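Work through the exercises below with the sequence and the model open side by side. Each task is followed by a solution that goes step by step.

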Amino acid sequence: MSTTASTMRMIGVADAAYYAPQIAAEQLGFFADEGIALEYDGGSDRAGLSVAMERGDFDVVLGGLWRPMRRLLDGRPMRVFGQVNEQCDLLLFARQPRELFDWSALEGGIFLHATGGAPSPWFALRHLLRIKGVSLERMRLIPQLPVDESLRMFREGYGELLEIGDLDAGSALLDEGLHQVACWREDIGRLPWSVYYATPELVDARRPQLVALMRALHRAQRWLEGRPTGELAELVQRHFPARPAAEVEAVVGAYRGQRVWSSSPRVDRGAAGRWSAILAAAGWLSRPVEPDELVDDEIAALAVEGVGG
């Protein structure tokens, strides 16, 4: 335990229940125990997360692996040193239970895509639909409608598939007439979805502090594994007090059921390579990025060793 706090300025794409391990580390005092005073800004940045870090406003980014992959190919390499999530955060809803849902019925159908802010969910969805044998060219996409409007229209019978994410999905999860029809982990496999990264210079200069940051995260990851959903939901609700408790618990339960949270801060290199190939096939990357070009394994390894597994 450190007696002198080291400030760590972090920017992320959102402040969300999806980041429950980080919320738990903050709420339970694990960052403080490790001597880290975390200043987290989940409001994103119009110039982009990496740009906000590069201009010196932040030390670390929490976001999609697709960003540092692209920055590497643009000649601005980053170092990825930790992982918090290994699944897409968006939830897909239909009116039939998953076991009865006929993916071929989406041909010519309407898809309400109520999320925005990053292209990666769209790339994952394209890959999922391809696996399911659904032709995107024959679907009608309605993008970026407000969430409440999308939910209302879908409940009234408009569209065959609805995509929403995180706490916005709470009321849909409580609606007995709507059903999740995709399990990302089962349908397309594990993906290093949300990772921690920084410039190579900062990683070298503040390696002990980054190890402490990941050690606190890993303590929270281990804490999550042994706690019932209700207890975790109560902790997340304290972070989002304005949200209805039932909706928070429904979202936390859905994410736990999908096994979105990584059990370790180590970046899964095999999954990273597979995600890179998907992004290259989608046209986001000019070529697949090899994990060796991007991932620093030592920080997470030392963090796990420090916690004891």
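A residue counts as buried when its relative accessible area is under 20%, as exposed when that area is over 50%, and as partly exposed in between. The model used in these exercises is a predicted one.

**Exercise 1. Burial and backbone at two loop residues**

Task: For Arg259 and then for Asp166, find the loop that holds the residue, and decide whether each is buried, partly exposed or exposed.

Solution: Begin with Arg259, which is placed in the loop between helix H12 (245-258) and helix H13 (269-282). Its relative accessible area is 44%, and because this value falls between the two cut-offs, Arg259 is partly exposed. The backbone deserves a look as well, since Arg259 has a positive phi of about 55 degrees although it is not a glycine.

Turn next to Asp166, in the loop that runs between strand E8 (161-165) and helix H7 (170-174). Here the relative accessibility is 9%, so Asp166 counts as buried. Asp166 also has a positive phi, near 50 degrees, in a residue other than glycine.

**Exercise 2. Two alanines of helix H14**

Task: Ala300 lies in helix H14, and Ala301 has its place there too; which of the terms buried, partly exposed and exposed applies to each?

Solution: The relative accessible area of Ala300 is 2%, and therefore Ala300 is buried. For Ala301 the value is 29%, so that Ala301 is partly exposed.

The surroundings of Ala300 can then be traced: neighbours within four places in sequence being left aside, Ala300 is in contact with Phe81, Pro265 and Arg266. As for distances, the C-alpha atoms of Ala300 and Leu217 are separated by 9.8 Å, with their positions 83 residues apart along the chain. For Ala301 and Leu162, which are 139 residues apart in sequence, the C-alpha to C-alpha distance is 39 Å.

**Exercise 3. The largest nonpolar core**

Task: State how many residues the largest nonpolar core has, which of them have the most contacts inside it, and which helix gives the most to it.

Solution: The largest nonpolar core has 109 residues, and those with the most contacts inside it are Phe81, Leu92 and Trp103. Helix H10 (residues 207-225) gives the most to this core, with ten residues. In soluble globular proteins, nonpolar side chains tend to be buried together.

To see what surrounds one of these residues, take Leu92 and leave aside its neighbours within four places in sequence: its contacts then include Trp103, Phe111, Leu125, Leu128 and Trp184, and among them are also Glu163, His179 and Gln180.

**Exercise 4. The protein as a whole**

Task: Compare the radius of gyration of the protein with that of a compact globule, and then describe its burial, its surface and its contacts.

Solution: For 309 residues, a compact globule would have a radius of gyration near 19 Å, and the protein has 19 Å, which agrees. The C-alpha trace spans about 60 × 45 × 35 Å along its principal axes, and the protein contains 14 helices and ten strands.

Of the 309 residues, 53% count as buried. The protein exposes about 12900 Å², of which carbon and sulfur atoms supply 48%. Among contacts with a separation of 6 or more, 83% are accounted for by residues 24 or more positions apart. Finally, the mean positions of the 33 positive and 43 negative charges are 3 Å apart.

How values were computed
Residues numbered from 1 in each chain as written. Predicted model: local features only at pLDDT ≥ 70, side-chain atom pairs only at ≥ 80, totals over all residues. Heavy atoms only, no water. Core = buried A, V, L, I, M, F, W, Y, C linked by side-chain atoms within 4.5 Å. Buried < 20%, exposed > 50% of the residue type's maximum accessible area, 1.4 Å probe, protein only. Helix = DSSP H or I, 4+ residues; strand = E, 2+ residues; numbered from the N terminus. Contact = heavy atoms within 4.5 Å. Rg over C-alpha atoms; globule rule 2.2 N^0.38 Å. Areas by Shrake-Rupley, 256 points an atom, 1.4 Å probe, with all protein chains shown as cover. Lys, Arg positive; Asp, Glu negative; His and termini not counted. Charge placed at Lys NZ, Arg CZ, Asp CG, Glu CD.
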